[in-house]
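Visitor: Hello! I am new here and would like a friendly walk through what is on display.
Guide: Welcome! Let us look together and take it one question at a time.

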Amino acid sequence: MRIARGIIAAFALLGASVAGAQEAASSTNGQGFSPEDDLDCALYVGSLMGEAEGVMTPDVQTAYLASMTYFIGRYEAQRGTPINVALAERYPEFLKQDARTMEQICGLRTRGFASRMETISRVLADVQREQTGDE
C-alpha cells in the first residue's frame with residue numbers, strides 16, 4: 001500500500017488536476033495510445049525524475065518508477081525492440097514534442113493509472129480485512 005500512496009503523491013506533482021481528469025483517464029484505461037506514445041510518457045516521467053533529483057521523497061521516487069514501469073511494460077507488450085534501444089531511438093522525437101501537450105497527455109494518463117492503483121489498494125485492504133476477520 002506504500003507504493004500506491006507514493007504513486008498518488010507523485011501524480012499530484014504532475015500539475016494541477018483538471019476537473020474530471022481522473023474519471024476520464026479511468027474510463028479510457030490507456031486505450032488508443034500507440035507504443036510510441038507509451039515511450040514518450042516513459043521519457044516524460046524520466047524527465048520529471050531528472051528535474052526532481054535530490055528533492056524527491058522515497059514514496060515519490062517509487063511512484064515515478066512505477067509509472068515508468070507501466071509505460072515501458074505497455075510498450076514492451078507490443079514491440080520486440082529492446083527498451084534501451086527503443087528509448088534511445090525515440091528520444092529525438094520526444095524532444096520535438098510540445099512540453100505542455102506532453103504534460104497534459106502523460107499527466108492525465110498517469111493520474112488514471114494512479115486512480116486504478118488506489119482502487120487496487122483499497123480492494124486488497126478490504127480482502128485482507130475479510131481474511132483476518134478485522135472489520
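Visitor: The charged end of Arg-109 sits over a ring; which residue has that ring, and how far is its centre?
Guide: Please keep in mind that this is a predicted model. A charge counts as sitting over a ring when CZ of Arg is within 6 Å of the ring centre and within 35 degrees of the ring normal. The charged end of Arg-109 fits that description: the ring belongs to Phe-33, and its centre is at 3.8 Å.

Visitor: How many helices and how many strands are in the protein chain?
Guide: Reading from the N terminus, the elements run α-α-α-α-α-α. The count for the protein chain is therefore 6 helices and 0 strands.

Visitor: Which cysteines does the disulfide join?
Guide: The count comes to 1 disulfide, with the two sulfur atoms 2.2 Å from each other. The link ties together distant parts of the chain, helix α3 and helix α6, at positions 65 residues apart. The cysteines joined are Cys-41 and Cys-106.

Visitor: Is the link of Cys-41 and Cys-106 left-handed or right-handed?
Guide: The angle about the S-S bond is -90°. The link of Cys-41 and Cys-106 is left-handed.

Visitor: Is Cys-41 buried or exposed?
Guide: Buried means under 20% relative accessible area. Cys-41 has 1%, so this residue falls under that limit. Its partner Cys-106 also has a value of 1% and counts as buried. For Cys-41, the answer is buried.

Visitor: Which residue forms a stacked aromatic pair with Tyr-70?
Guide: A search of the whole structure finds 3 aromatic pairs. In the stacked one with Tyr-70, the centres are 4.3 Å apart and the planes make 20°; under 30 degrees counts as stacked. The pair bridges helix α4 (residues 58–78), home of Tyr-70, and helix α6 (residues 99–132), 43 residues apart. The partner is Phe-113.

Visitor: What is the relative accessible area of Phe-113?
Guide: Tyr-70 is buried at 16%. Phe-113 is buried too, and its relative accessible area is 11%.

Visitor: Which residues do ring pairs link into a cluster?
Guide: Two members are the stacked partners, Tyr-70 and Phe-113. Phe-71 joins them, giving the cluster of Tyr-70, Phe-71 and Phe-113.

Visitor: Which element gives the most to the largest nonpolar core?
Guide: This core has 17 residues, and Tyr-44, Val-45, Tyr-64 and Phe-71 touch the most other members. The elements that give two or more residues are α3 (35–51), α4 and α6. With 7 residues, the element giving the most is α3.

Visitor: Which residues is Ala-42 in contact with, leaving aside its neighbours within four places in sequence?
Guide: Ala-42 lies in helix α3 and is buried, with a relative accessible area of 1%. Its C-alpha atom is 4.9 Å from that of Met-68, 26 residues apart along the chain. Setting the sequence neighbours aside, the contacts of Ala-42 are Met-68, Phe-71 and Ile-72.

Visitor: How far apart are the end C-alpha atoms of α6?
Guide: α6 has 34 residues, so at 1.5 Å a residue it should span 50 Å. The distance between its end C-alpha atoms agrees with that, at 48 Å.

Visitor: Which residue follows α6?
Guide: The residue after α6 has a positive phi, near 80°. That residue is Gly-133.

Key: Residues numbered from 1 in each chain as written. Predicted model: local features only at pLDDT ≥ 70, side-chain atom pairs only at ≥ 80, totals over all residues. Heavy atoms only, no water. Phe/Tyr/Trp six-rings, centres within 6.5 Å; stacked < 30°, edge-to-face > 60°. Helix = DSSP H or I, 4+ residues; strand = E, 2+ residues; numbered from the N terminus. Buried < 20%, exposed > 50% of the residue type's maximum accessible area, 1.4 Å probe, protein only. Core = buried A, V, L, I, M, F, W, Y, C linked by side-chain atoms within 4.5 Å. Disulfide = S-S within 2.5 Å. Expected span 1.5 Å × (residues − 1). Contact = heavy atoms within 4.5 Å.
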